[in-house]
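Biologist: I'm new to this structure and would love a close look at a single part of it. Could you take me through the largest cavity, and then show me one spot elsewhere?

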Amino acid sequence: MGTFLQNHWLDITTTVLGLAYILLELKASVWMWVTGFVMQVLGIVLYYQKGLYADCGMEFYYLGMTVYGFYAWIRPRQKTNQNGTKTERPITHIKGKVLLPWLIITAALWMLIFWILTSYTDSTVPLADSFTTALSIVGMWALAHKYLEQWFIWIAVDIVTCCLYFYKDIPFKAGLYALYVVIAVFGYRSWRKRVAS
């Protein structure tokens with residue numbers, strides 16, 4: 001048991017932090033960004049050790065987006081409520097004009113990351129690793145902007161990541177991503193009720 005915990009402590013710790021993160025996201029709590037920051041720092045080490053190089057690199061992007069998202073969420077909006085105080089960023093729909101560029105950018109990132117993994121690393125899962133990384137890059141951007149549709153992005157990422165992590169012997173995180181799929185469905189429903197009209 002001691003050896004198992006020693007071999008999987010990063011997996012277990014990032015899983016606990018990941019569960020806290022998704023529950024805070026479900027509530028649209030700004031504290032999810034702080035929790036995410038710690039989780040991402042530890043994730044860099046975990047993914048590098050497991051040879052998930054795109055995921056490892058993705059954590060650096062997440063760190064930057066975490067700082068950006070935190071400030072975007074706490075920065076007062078230009079609109080004021082009836083009391084004259086500035087309101088927080090509302091949950092909104094992604095704008096239609098963003099969809100086509102989003103798809104093009106996602107596809108380009110997927111191809112670029114796949115090429116990097118196959119050309120410069122010994123990755124055994126370049127297709128799945130590059131797919132989840134490319135989609136996550138855009139997903140974090142959508143989350144930072146509090147777009148309702150970000151939940152659909154994460155459902156796709158979570159399903160593929162769950163399978164990938166089981167394959168790469170990261171069982172706790174794999175189980176967490178399976179749970180993420182369920183939570184994302186509830187998250188979508190919860191956020192949909194609060195979408196700004």
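Modeller: Happy to! The lining of the largest cavity is made up of 15 nonpolar residues, six polar ones and five charged ones. Please keep in mind that this is a predicted model. In total, 26 residues line this cavity, and those nearest its centre are Met39, Tyr62, Trp154, Tyr177 and Tyr180. Several helices take part: α1 (2-26), α2 (31-49), α3 (53-74), α5, α6 (150-167) and α7 (171-192) each give two or more residues to the lining. Among these contributors, α6 gives the most, with six residues. As for the space inside, the largest cavity holds about 370 Å³. The count of cavities of 30 Å³ or more comes to one.

Now for the other spot, threonine 124. You will find this residue in the loop between α4 (96-120) and α5 (126-144). Is threonine 124 buried or exposed? Its relative accessible area is 53%, and exposed means over 50%, so threonine 124 counts as exposed. Leaving aside residues up to four places away in sequence, threonine 124 touches Tyr167 and Lys168. Take the second of these partners: along the sequence, threonine 124 and lysine 168 are 44 residues apart, while in space their C-alpha atoms are 9.3 Å apart. Their side chains are joined by a polar contact of 3.1 Å. To find this pair on your screen, start from the loop between α4 and α5, where threonine 124 is found, and look for the side chain of lysine 168, its polar contact partner.

Conventions. Residues numbered from 1 in each chain as written. Predicted model: local features only at pLDDT ≥ 70, side-chain atom pairs only at ≥ 80, totals over all residues. Heavy atoms only, no water. Helix = DSSP H or I, 4+ residues; strand = E, 2+ residues; numbered from the N terminus. Buried < 20%, exposed > 50% of the residue type's maximum accessible area, 1.4 Å probe, protein only. Contact = heavy atoms within 4.5 Å. Polar contact = N/O pair within 3.5 Å; in protein donor to acceptor, adjacent residues only side chain to side chain. 1 Å grid on protein atoms, 1.4 Å probe; cavity = no way out; pocket = protein on both sides within 12 Å on 5 of 7 lines; lining within 4 Å. Points joined across faces, edges and corners; volume = space filled by probe spheres on them. Nonpolar A, V, L, I, M, F, W, Y, C, P; charged D, E, K, R; others polar.
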